[in-house]
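Work through the exercises below with the sequence and the coordinates open beside you, and try each task before reading its solution.

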Amino acid sequence: MRRSRLVTAPFQQTPPTLGNQYADDRVLRSYLARVFPADALREIEPSLIEMGRLAGDELYQLQLADRLNEPQLTQWDAWGNRVDEIELTPLWRVAERVAAEHGVVATAYERKHGSLSRVHQCALAYLFTPSTDIYSCPLAMTDGAARTLLFSGNETLIERAVPHLTTREPSEFWTAGQWMTELTGGSDVGLSETVAKEQPGSETGEFRLYGRKWFTSAISSQIALTLARPEDNPPGGRGLALFYIETRDEHGRPHNIEINRLKDKLGTRKVPTAELTLNGTPAQLVMGTTDGVRNITPLLNITRLWNGISAVALMRRGLALAFDYAGKRVAFGSTLSEKALHMDTLAGLQAEAEAAFHLAFYVAELTGRIEAGEMEEHDAWLLRSLTPIMKLITAKQAVTVTSEVLESFGGAGYVEDTGLPVLLRDAQVLPIWEGTTNVLALDTLRAINATESIAPLQSVVTEMFESVHDSPLLDLARISQAALTHAQSWLHGVTDRSQREAGARRFALTLGRAMELALLIRHAQWSQDHEQDNLASDSARRFAQAGIDLIVQHS
Ligand SMILES: Cc1cc2nc3c(=O)[nH]c(=O)nc-3n(C[C@H](O)[C@H](O)[C@H](O)COP(=O)(O)OP(=O)(O)OC[C@H]3O[C@@H](n4cnc5c(N)ncnc54)[C@H](O)[C@@H]3O)c2cc1C
């Protein structure tokens, strides 16, 4: 007779683990070896190794332990006073210190390696971001605010705020918010209703602001840049002015600001995103009494760069975990890493992530060159056109890749205490904030409007291919060039405004994919020649096979 037995040592799943996130990252290391002179790379590497260690170890462990904590808003104290205090979670408090100490903003301003300091800073941000639950959000705005103030030439505000925004001393470090979106519009920010009333007798451009701001992230920040309409200014974006606010008074209370509530969001749940009422908030003009939307552009360019870096960072984290897990999880008699289909699926995701990586870091290079005054031909045009393209395409890739990453874990990818679902939830904000996909696609058309041609992009891509001699890579280069040629003929051929708008997203995505492929090919050739490594070439092939030209004509 068969006896049923109680199984006392059941099978357990082995969780994925992370190593040093710099040492383990082939793509980052290979890229830095190509763009940095060897001595400069030796100088910056210790900072990357340390950030890679923190990201794979202490910060990651803290992130898992902090999973259920969220920022808390206390509006009233026990005695009936309005206090509007925000308590951040332990992870974010540590993240703030680590970010300051390791110069995750400061590195770009210290500029020890000229234009490449921006690349160094982005590499630090890329390593830091996936273990700190979107602490990248306040850092992006801090970086953007520093850049905007420096650009404004407003010496009083530069002296007052920039040293705090770019310090490595945690006790001195300030972060910044960016308050643009109102109920009337996030994309159509020209509809903003906040009114700025000049203080009688003010000689230094002091105003009081009255209005409601509908999405204000990182509300714990010490300063904010915001838009408001000085009384008697005309409607629309031109009638708005750019203002500087210090959010708390000398007692630490909100400066005539009421925090009405924190948003209950799908993701970015560690980020305190508030709805505010500005009730006579003291504010200073940053530059001029009009053209606020134009004057805040330097901030948006930087936050869009951070968005792209965050997108590739989240993809990288997902794939680091997925590849590790594939080597551990057994199904049908062998590990997932021995299943041709599973590895083919991951390799496709890796190709998307790798292509996105090169575009995001290329925009970092362009940003650095312009900041350091080391501009090359076409750089200004390229930065203006590629910033929206890079932001929109990398954000979409991040959502796709992190969604697939969750599936690669099976049911575990859907279960909260694995720490995996947050990757997808956080990635989902990337196409929404800092300009939605459609809004940025239209912005791409605007950027190209002046020349009505993508010739500078085509000539830069042709230049990139001059170093390519591997025959399969040359075949791929032709795919990138053909997509650009098609995009150019679409631009010339479609003159009807509404048809152009309807096709803007496909146009921008095609430019983005063609550029990503070109950058990947250039790097793959270098990697073959200098590292005897074909992995980047494999990614280029897969990426091209997934489709580059997305332009279709709808009659
Ligand atoms: C978590 C989170 C944090 C945020 N933090 C901040 C912050 O700190 N500061 C801040 O200022 N804002 C912040 N925002 C707001 C964000 O920037 C806006 O939500 C975003 O810009 C979109 O604006 P909207 O919500 O008004 O959408 P809408 O502008 O109403 O857009 C709705 C849809 O219409 C599309 N659309 C709009 N115009 C066009 C057009 N002309 N053609 C085609 N399609 C179009 C958009 O693509 C979108 O799909 C945050 C948002 C989120 C989700």
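**Exercise 1: a helix residue**

Arg384 lies in helix α12, which spans residues 379–408; helices (H or I, at least four residues) and strands (E, at least two) are DSSP runs, numbered from the N terminus. The model is a predicted one, in which local features need pLDDT of at least 70 and side-chain atom pairs count only at pLDDT 80 or more, while totals for chains, interfaces and linings use all residues. Residues are numbered from 1 along each chain as its sequence is written, and side-chain values use heavy atoms, with hydrogens and water left out.

Task: Determine whether Arg384 counts as buried, partly exposed or exposed, and how far in space it lies from Asn301.

Solution. Begin with the classes: buried means under 20% relative accessible area, exposed over 50%, and partly exposed in between, with a 1.4 Å probe and protein chains only. Arg384 counts as partly exposed because its relative accessibility is 37%. Next, take the C-alpha atoms of Arg384 and Asn301, which are 8.6 Å apart in space although the two residues are 83 apart in sequence.

**Exercise 2: the ligand and its shell**

Task: Establish where the ligand sits, which residues surround it, and which polar atoms approach it.

Solution. First, the ligand sits in the largest pocket. On a 1 Å grid over the protein atoms alone, a pocket is an open set of points with protein on both sides within 12 Å along at least five of seven lines, and a molecule sits in it if more than half of its atoms lie within 2 Å of its grid points.

Second, the shell holds 21 residues, the closest being Gln178, Thr181, Ser187, Ser217 and Thr436; a residue is near a molecule if one of its heavy atoms lies within 4 Å of it. By class, 8 of the shell residues are nonpolar, 11 polar and 2 charged, where Ala, Val, Leu, Ile, Met, Phe, Trp, Tyr, Cys and Pro count as nonpolar, Asp, Glu, Lys and Arg as charged, and the others, Gly among them, as polar. At least two shell residues come from each of β3 (176–179), β5 (206–216) and α14 (437–449), and α14 gives the largest share, with 3 residues.

Third, look for polar contacts, that is, pairs of N or O atoms within 3.5 Å; within protein, one must be able to donate a hydrogen and the other to accept it, and residues adjacent in sequence count only if both atoms are side-chain atoms. A side-chain N or O atom of Ser187 is 2.5 Å from an oxygen atom of the ligand, a polar side-chain atom of Thr181 lies 2.7 Å from a ligand nitrogen, and a polar backbone atom of Phe215 is 3.0 Å from a nitrogen atom of the ligand. Of the 980 Å² of accessible area that the ligand has on its own, the protein covers 65%.

**Exercise 3: two loop residues**

Task: Place Thr175 in the chain, find the side chain that it contacts, and locate Asp133 and the sign of its phi.

Solution. Thr175 belongs to the loop between α8 (155–165) and β3, and it counts as buried because its relative accessibility is 4%. Its side chain makes a polar contact of 2.9 Å with the side chain of Ser221.

Asp133 is in the loop between α6 (116–128) and α7 (136–152), and it too counts as buried, at 9% relative accessibility. The phi of Asp133 is near 45°, a positive value in a residue other than glycine. Most residues other than glycine have a negative phi.

How values were computed. Areas by Shrake-Rupley, 256 points an atom, 1.4 Å probe, with all protein chains shown as cover. 1 Å grid on protein atoms, 1.4 Å probe; cavity = no way out; pocket = protein on both sides within 12 Å on 5 of 7 lines; lining within 4 Å.
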